[in-house]
Amino acid sequence: MDFQEALKDPGKMFRGNPEAVEAAIEFDAAQKRAILTQWKDQIEQLQRATGENMPGPESNGTGAECLRRVVDALIRLSDER
């Protein structure tokens with residue numbers, strides 16, 4: 001798995017599963033944090049652009065529930081420092 005590709009569209013690359021980023025052995029902790037931060041930013045941008053804050057389909061990695069899981073994963077990775 002390529003780091004740059006993962007950064008472009010984390011939701012698609014990890015099939016809407018932020019925990020898969022944590023489990024990925026291809027990336028170090030800093031790369032995982034970068035991917036998750038990018039994912040978080042993308043979700044927030046999409047929510048602002050659409051003006052809709054209701055949970056969306058989990059499969060595309062853009063819903064409010066997915067955002068919560070991304071943030072939780074970031075917190076767990078930060079705690080591992």
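1. Start with Glu-44: at 25% relative accessible area, Glu-44 is partly exposed in this predicted model. Its salt-bridge partner is Lys-40, with N and O sitting 3.4 Å apart. Lys-40 is partly exposed too, at 23%. Both residues belong to helix α4 (residues 29-50), and because they are four residues apart there, about one helical turn separates them.

2. Elsewhere, have a look at Glu-65, Arg-68 and Asp-72. Salt bridges with shared partners tie these residues into one network.

3. Now to helix α1 (residues 3-8), where Lys-8 and Glu-5 are three residues apart, so about one helical turn lies between them. Their side chains form a salt bridge, with an N to O distance of 3.2 Å. As for the surroundings, Lys-8 is exposed, at 57% relative accessible area, whereas Glu-5 is partly exposed at 38%.

4. Glu-22 and Arg-76 are worth a click as well. Their salt bridge brings the closest N and O atoms to 2.7 Å. This one connects distant parts of the chain: Glu-22 sits in helix α3 (residues 18-23) and Arg-76 in helix α5 (residues 64-79), with their positions 54 residues apart in sequence. Is Glu-22 buried or exposed? With a relative accessible area of 19%, Glu-22 counts as buried, because the cut-off for buried is under 20%. Arg-76, at 36%, is partly exposed.

5. For the tally, how many salt bridges are there? The count comes to six. As background for the pairs above, side chains of opposite charge can pair when their charged atoms come close.

6. Last, a residue from the other end of the accessibility scale. Ile-35 is in helix α4, and its relative accessibility is 0%, so Ile-35 is buried. Which residues does Ile-35 touch, leaving aside neighbours within four places in sequence? The contacts are Phe-3, Ala-6, Leu-7, Pro-10, Phe-14, Val-21 and Phe-27.

7. One link back to point 3: the C-alpha atoms of Ile-35 and Lys-8 are 8.7 Å apart, with the two residues 27 residues apart along the chain. Put the burial values next to that distance: Ile-35 is buried at 0%, while Lys-8 is exposed at 57%.

Notes: Residues are numbered from 1 along each chain as its sequence is written. This is a predicted model: local features need pLDDT of at least 70, side-chain atom pairs count only at pLDDT 80 or more; totals for chains, interfaces and linings use all residues. Side-chain values use heavy atoms; hydrogens and water are left out. A salt bridge is a side-chain nitrogen of Lys or Arg within 4 Å of a carboxyl oxygen of Asp or Glu. Helices (H or I, at least four residues) and strands (E, at least two) are DSSP runs, numbered from the N terminus. Buried means under 20% relative accessible area, exposed over 50%, partly exposed in between (1.4 Å probe, protein chains only). Contact means heavy atoms within 4.5 Å.
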